[in-house]
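Student: I keep meeting labels on protein models and I'd like to know where they come from. Can we go through one together?

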Amino acid sequence: MSWLEKILPSITSVAKKNIPEGLWEKCLKCEATLYAEELKTLNYVCPKCDYHMRISARIRLDGFLDEDGQTEIAPDLTAVDPLKFKDQKKYKERIYLAQKNTDEKDALVVKSGTLHGMGVVVAAFEFKFMGGSMGSVVGEKFVRAAQLSMETGAPLICFSASGGARMQEGLFSLMQMSKTALILKLLSDKKIPFISILTDPTMGGVSASFAMLGDIHIAEPNALIGFAGPRVVEQTVREELPEGFQRSEFLLEKGAIDMIVHRRDLRSKVHQLLQALCHSQKNG
Amino acid sequence: MNLNYLNFEQPIAELESKIQALKSIEDKADITQELQALTNKSNLLTKKIFASLSDWQIAQLARHPNRLYTLDYIDSVFDEFIELHGDRAYADDPAIIGGIAKLDGTSIMFIGQQKGRTTQEKIKHNFGMPKPEGYRKALRLMKMAEKFSMPIVTFIDTPGAYPGIGAEERGQSEAIARNLFEMSTLATPIISVVIGEGGSGGALAIGVADKMMMFKYSIYSVISPEGCASILYQDAAKANIAAESLKLTSTHLKNKGLIDVIINEPLGGIHRNPDQAKVLLKKALKQQLQEVTATNINQLVQQRADKLLSFGQFQD
């Protein structure tokens, strides 16, 4: 069991404990008991403390895109086990369990659709799928998303939530970093915008490739974003980490991101940005 | 026990110390035969041990304390090396050495990670773990190489990008990502060699290449065996098991099509015959340089892109 999977069930079990099935949910930060239906309309942001809960790729995409005209891209891409990876549990078994738990084929879901009527291609990570780790499928899906952007001229948007590269695919995973960086270079050469939206958490190989290559970097409040995990940094430097280290607000101060945007405002803010960036297409 | 030898090298170490002892005898007349016999025996034993190395043993060779580091190669492999410093924004990072050099009469841009041998050197070069300014220096030099049509040669030897507070503050992720982005279509040939340890994104950030080479007993991995073991088994001491899983050796990676060329090592590894290793590296570099410079640059960049896009295995 990876550390991510170890963390995950405990989080869900905390949320579900002592709460009648489906009706109420508990905020992980301020522990307020919240009415599930209301929470849904608030995009899973706690109304008491503004905590942005981690949400699934489907909820993310449904909440971001216009309701009509959504098409999923490469929905059937599935992982293989290129290294016959030796572990206490087989990689294929881990994939199977993750698929069962999340109802997704892998850790990235890509859709084309519209945002306030404007054509866009949007990718979103499913963090519950092996910690949103990037293997061959995630890399390839991201490439296909960017290729569709290049074919149609529709801007590309990605919501990242990932622990990094997927070690069960070894160097194949590492190569997804250069593969996705290349496709963004080609997209950039065509002057098609890429907006990277960093959500909690965006670390390692995902952070050190496409997530940090946006024309615009937007982070949700208080998201953990960085290269090395805070525990690794702490063990390396053997000193206490500064307050708010690797959080969105810290990154804004250090100049790594353009802005922090509340989840309820993401649709309008991204639309506004894209309209400004794509002005020439509209005029000519 | 000889500390300059790894555990599995100890039988060789014993023979070698006998040979050294014999060599120090002044009157060589009577011992020539014995010396020859012992040398033959040592070579045979080395061949036998090295014929069936485990992946974990190879990982240990890749990090052998006597293995050559970047600075050990520069003078013999290149001519007229002129070091260039700094990222023009924050600092000079000694974990990455950069500069202009000549290889076989051609001006090239050299970039290499340096680990350091003595304690003092290790601290100076931060154990070969670059900070963002190191990657930004590398990128500055690579852009210069593109501008002046110089092929780029990079040597990879790092445990990984430095996971420190300052490195995070100055955007380690962005620095690595930016290099991948720019190198992917850089209009000049890029040749990379893993000379020891290829540690994840920290290695890849100077390793997006037209020709990806590895010394035979070097390693290249998405995560260190220790890191992998501590995640999978909650025990870094199980690194030997993780090393087998990760398929991090040159032979595995060549079989998977993830690298282009394996450079042979002297019998017993680079540390047993450094001079021969330098010759082998120079020869391999010259050959690859001829190949990449003979290719039209647009075609080369297209091939690089096609190769990057082909990486990955999945079911469609």
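**Putting labels to the test**

Tutor: Let's begin with Asn43(A), which counts as partly exposed because its relative accessibility is 28%. Keep in mind that this is a predicted model.

Student: What makes 28% "partly exposed" for Asn43(A)?

Tutor: Buried means under 20% and exposed means over 50%, with partly exposed in between. Asn43(A) has 28%, so it gets the middle label. You'll find Asn43(A) in the loop between α2 (36-41) and α3 (57-64) of chain A. Its phi is positive, about 55°, although it is not a glycine.

Student: And why is Lys84(A) called exposed?

Tutor: Same test: exposed takes over 50%. Lys84(A) has 61% relative accessibility, so it counts as exposed. Lys84(A) sits in the loop between β4 and α4 (91-102) of chain A. Phi of Lys84(A) is also positive, near 50°, and this residue is not a glycine.

Student: Which peptide bond is cis, and what is its omega?

Tutor: The one joining Asp200(A) and Pro201(A), with omega about -10°. Pro201(A) belongs to strand β8 (residues 194-202) of chain A.

Student: Over to chain B. What makes strand β4 (residues 152-158) of chain B "mostly covered"?

Tutor: Count the buried residues: seven of its seven. Ile152(B), Thr154(B), Ile156(B) and Thr158(B) point one way, while Val153(B), Phe155(B) and Asp157(B) point the other way, and all are buried.

Student: How do you know that β4(B) pairs with strand β3 (residues 106-113) of chain B?

Tutor: Pairing takes at least two bridges. These two strands have four, in the parallel sense, so the pairing holds. As an example, Gly112(B) stands opposite Phe155(B).

Student: Which sense does β4(B) take with strand β5 (residues 190-199) of chain B?

Tutor: Parallel, over six bridges. There, Val153(B) stands opposite Ile191(B).

Student: What about strand β4 (residues 78-79) of chain A and β9(B): how do they run, and how many bridges join them?

Tutor: They run antiparallel, and two bridges join them. The cut-off is at least two, so this counts as pairing. Thr78(A) stands opposite Gln315(B).

Student: So the two chains touch. How many residues does each chain put into the contact?

Tutor: Chain A gives 62 residues and chain B gives 47.

Student: How much area do the chains bury between them?

Tutor: About 4800 Å², with 71% of it on carbon and sulfur atoms. The size of an interface is often given as the accessible area lost when the parts come together.

Student: Why do Lys254(A) and Glu169(B) count as a salt bridge?

Tutor: The rule asks for a side-chain nitrogen of Lys or Arg within 4 Å of a carboxyl oxygen of Asp or Glu. Here the N to O distance is 3.8 Å, so the pair passes. Across the interface, the rule finds two salt bridges, along with 16 residue pairs in polar contact (both at pLDDT 80 or more).

Student: Which parts of chain B supply the side that touches chain A?

Tutor: Several elements supply at least two residues each, including α7 (165-169), α10 (225-232) and α14 (297-310). α8(B) gives the most, with nine residues. By class, that side of chain B has 25 nonpolar, 13 polar and nine charged residues.

Methods:
Residues are numbered from 1 along each chain as its sequence is written. Chains are lettered from A and ligands numbered from 1 in the order in which they are written. This is a predicted model: local features need pLDDT of at least 70, side-chain atom pairs count only at pLDDT 80 or more; totals for chains, interfaces and linings use all residues. Side-chain values use heavy atoms; hydrogens and water are left out. Contact means heavy atoms within 4.5 Å. Buried area is the accessible area (1.4 Å probe) that two parts lose on being put together, summed over both. A polar contact is a pair of N or O atoms within 3.5 Å; within protein, one must be able to donate a hydrogen and the other to accept it, and residues adjacent in sequence count only if both atoms are side-chain atoms. Ala, Val, Leu, Ile, Met, Phe, Trp, Tyr, Cys and Pro count as nonpolar, Asp, Glu, Lys and Arg as charged, and the others, Gly among them, as polar. Buried means under 20% relative accessible area, exposed over 50%, partly exposed in between (1.4 Å probe, protein chains only).
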